[in-house]
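This report is for a reader meeting the structure for the first time. It goes through the cysteines, two helices, a pocket and a loop.

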Amino acid sequence: MAGISPRIRSTAFLAYLILIGRLIVSAAFILAALPKIQDPEAFTASVEGYRVVTGDLAMWIALALPWLELVTGFGLLIPQIRRGSALVIALLLIAFIVLHASAWARGLDISCGCFRAHESDKAPDYLWLILRNLGLLTACVCVLIYDWQNRQDRDRREETHTS
């Protein structure tokens with residue numbers, strides 16, 4: 001390590017941190033999707049519990065959202081679609097944060113439906129849900145920024161070599 005410059009070491013360390021963040025967000029979305037896919041009726045009840053949508057719209061959300069979570073979770077692992085997946089996940093996380101904050105502010109005592117289609121009967125810990133999603137959102141934004149900067153650097157190098 002003595003022969004490696006501090007800049008290279010810090011760049012490699014940052015790359016590892018971004019990889020860990022990407023793997024955590026990916027795993028969270030894949031693991032959140034699977035039980036909802038297996039039990040869409042229970043997840044529909046969780047969606048309706050937020051009192052934002054009901055009926056057919058809640059059912060369609062409960063059918064589509066887990067598949068979107070699954071595809072984007074895997075998409076974070078595929079370089080060609082990583083940025084698009086990270087952007088969709090970031091938007092989903094913002095929506096989830098808003099929904100949890102809204103449910104908390106309205107005093108709703110509901111199952112969040114996050115990692116199980118039907119959560120336990122204990123009261124939701126909205127602060128934890130919001131903080132967890134803020135952490136995942138931070139990791140997702142870091143992935144987006146890191147990938148964007150790497151793309152910019154790669155484009156500049158290609159311009160320099162072709163000029």
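## Cysteines, helices and a pocket

Cys 114 has a relative accessible area of 11% and is buried. The model is a predicted one. Cys 114 is joined to Cys 112 by a disulfide, with 2.1 Å from S to S. Cys 112 also counts as buried, at 11% relative accessibility. A disulfide requires two cysteine sulfur atoms within 2.5 Å, and by this rule the count is one. A bond of this kind is covalent and links the sulfur atoms of two cysteines.

Cys 140 takes part in no disulfide; its nearest cysteine sulfur belongs to Cys 142 and is 9.4 Å away. Why does the sulfur of Cys 142 form no bond with that of Cys 140? The two sulfurs are 9.4 Å apart, which is too far for a bond. Cys 140 is buried, with 1% relative accessibility, whereas Cys 142 is partly exposed at 36%.

The table gives the accessibility of these cysteines.

| Residue | Relative accessible area | Class |
|---|---|---|
| Cys 112 | 11% | buried |
| Cys 114 | 11% | buried |
| Cys 140 | 1% | buried |
| Cys 142 | 36% | partly exposed |

Next come the helices. Helix α4 covers residues 82–105, 24 residues in number. From its first C-alpha to its last it reaches 34 Å, close to the 34 Å expected at 1.5 Å a residue. Among its buried residues are Arg 82, Ser 85, Ala 86, Ile 89, Ala 90, Leu 92 and Leu 93. Phe 96, Ile 97, His 100 and Ala 103 are also buried residues of α4. In an α-helix there are 3.6 residues a turn, so residues three or four places apart point the same way. Just after α4, Gly 107 has a positive phi of about 70°.

Helix α5 spans residues 126–162 and includes Asn 133. Is Asn 133 buried or exposed? With a relative accessible area of 4%, Asn 133 is buried. Apart from its neighbours within four places in sequence, Asn 133 is in contact with Leu 93, Phe 96, Ile 97 and His 100. These four contact residues are among the buried residues of α4.

Leu 127 lies in α5 as well. At 44% relative accessibility, Leu 127 counts as partly exposed. Its C-alpha is 8.3 Å from that of Ala 101, although the two residues are 26 residues apart along the chain.

The largest pocket holds about 420 Å³ of space. Its lining is made of 25 residues, and those nearest the centre are Phe 43, Leu 65, Phe 96, Leu 99 and Cys 112. Cys 112 is thus a lining residue as well as a partner in the disulfide. Which helices each supply at least two residues of the lining? They are α1 (6–38), α2 (40–49), α3 (55–75), α4 and α5. Helix α4 gives the largest share, six residues. By type, the lining residues comprise 19 nonpolar, three polar and three charged.

One residue in a loop remains. Arg 51 sits in the loop between α2 and α3, and its relative accessible area of 61% makes it exposed. The phi of Arg 51 is near 55°, a positive value in a residue other than glycine. Most residues other than glycine have a negative phi.

Notes
Residues numbered from 1 in each chain as written. Predicted model: local features only at pLDDT ≥ 70, side-chain atom pairs only at ≥ 80, totals over all residues. Heavy atoms only, no water. Buried < 20%, exposed > 50% of the residue type's maximum accessible area, 1.4 Å probe, protein only. Expected span 1.5 Å × (residues − 1). Contact = heavy atoms within 4.5 Å. 1 Å grid on protein atoms, 1.4 Å probe; cavity = no way out; pocket = protein on both sides within 12 Å on 5 of 7 lines; lining within 4 Å. Points joined across faces, edges and corners; volume = space filled by probe spheres on them. Nonpolar A, V, L, I, M, F, W, Y, C, P; charged D, E, K, R; others polar.
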